[in-house]
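I opened this notebook to keep track of what I looked up, one entry at a time. The entries go from a single residue to ring pairs, then to charges over rings and the core.

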Amino acid sequence: MNHHENQSAHRLLDANLNRAFEALRTLEDIARFQNQAAFQSKYKILRHQLRTTTQDWSHARLYASRDAGHDVGRETKTISESSRTGGLSEIAAAASQRIQQSLRCLEEVSKFAYPISASAIESVRYQVYDVNAQLLLSQKRDLLFLPIANSRSRTLFKGCENSVSLALT
């Protein structure tokens with residue numbers, strides 16, 4: 001791997017590792033503040049598994065490769081990224097997709113940058129698939145059983161069915 005490719009690979013790893021930790025923390029906190037202890041615990045364990053899996057990476061090299069100011073994708077946004085009108089369920093669905101995509105990217109690039117980590121990242125990715133599916137299905141189930149009279153709860157989960165459907169596809 002030449003210097004430029006090495007630099008690009010580490011930028012990619014740095015960005016996706018940050019994205020993965022951010023998504024896991026988002027899901028963990030959503031579960032925590034909705035009093036879903038089992039999901040909060042699962043996401044926290046996954047976050048720590050990822051930290052352990054990547055602890056032997058050259059974090060100095062990751063930080064040195066960071067160049068957010070010149071990131072050509074930094075300003076590219078979709079409409080859905082700019083608005084989360086569906087509440088916490090929509091945020092959870094977006095974070096679920098983000099963690100899955102980030103882990104896949106980390107797994108692929110680590111195969112040549114840090115090959116010893118690739119299978120452990122794959123394992124975390126499959127665990128995330130299962131926990132995300134459980135969380136999103138529980139949110140859909142909860143939406144079906146929310147009392148209609150409780151408008152605050154209805155508002156909190158507004159758009160959940162669309163978010164869950166998108167996340168599961």
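These are my notes on the structure above, which is a predicted model.

**Entry 1: Thr 53.** I began with Thr 53, which belongs to helix α2, a helix covering residues 37-53. I looked up whether Thr 53 is buried or exposed. Its relative accessible area is 18%, and since buried means under 20%, I noted Thr 53 as buried. I then searched for a polar partner of its side chain, and found that a polar atom there lies 2.8 Å from the backbone oxygen of Gln 49. Leaving out residues up to four places away in sequence, I listed Ser 117, Ala 120 and Ile 121 as the residues that Thr 53 touches.

**Entry 2: aromatic pairs.** I asked how many aromatic pairs the structure holds, and the count came to 2. In one of them, the ring centres of Trp 57 and Tyr 114 are 4.9 Å apart and the planes meet at 10 degrees, so I wrote this pair down as stacked. Trp 57 sits in the loop between α2 and α3, while Tyr 114 sits in the loop between α5 and α6, so the pair ties together parts that are 57 residues apart in sequence. Both partners are buried, Trp 57 with a relative accessible area of 3% and Tyr 114 with 14%.

The other pair is formed by Tyr 126 and Tyr 129, whose ring centres are 5.5 Å apart and whose planes stand at 85 degrees, so I recorded the pair as edge-to-face. Both of these residues lie in helix α6, 3 residues apart, which is about one turn of the helix. I noted Tyr 126 as partly exposed at 44% relative accessible area, and Tyr 129 as partly exposed at 29%.

**Entry 3: charges over rings.** Returning to Tyr 126, I found the charged end of Arg 125 over its ring, 4.7 Å from the centre. I also found Arg 51 over the face of Phe 21, at 4.1 Å from the ring centre.

**Entry 4: the core.** I turned last to the largest nonpolar core, which has 29 residues, and wrote down those with the most contacts inside it: Leu 13, Tyr 43, Trp 57, Ile 99, Leu 103 and Leu 106. The elements giving two or more residues to this core are α1, α2, α5 and α6, and the largest share, 10 residues, comes from α1. I followed up Leu 103, and, setting aside its neighbours within four places in sequence, I found it in contact with Leu 50, Ile 121, Val 124, Arg 125 and Val 128.

Conventions
Residues numbered from 1 in each chain as written. Predicted model: local features only at pLDDT ≥ 70, side-chain atom pairs only at ≥ 80, totals over all residues. Heavy atoms only, no water. Helix = DSSP H or I, 4+ residues; strand = E, 2+ residues; numbered from the N terminus. Buried < 20%, exposed > 50% of the residue type's maximum accessible area, 1.4 Å probe, protein only. Polar contact = N/O pair within 3.5 Å; in protein donor to acceptor, adjacent residues only side chain to side chain. Contact = heavy atoms within 4.5 Å. Phe/Tyr/Trp six-rings, centres within 6.5 Å; stacked < 30°, edge-to-face > 60°. Lys NZ or Arg CZ within 6 Å of the ring centre and 35° of its normal. Core = buried A, V, L, I, M, F, W, Y, C linked by side-chain atoms within 4.5 Å.
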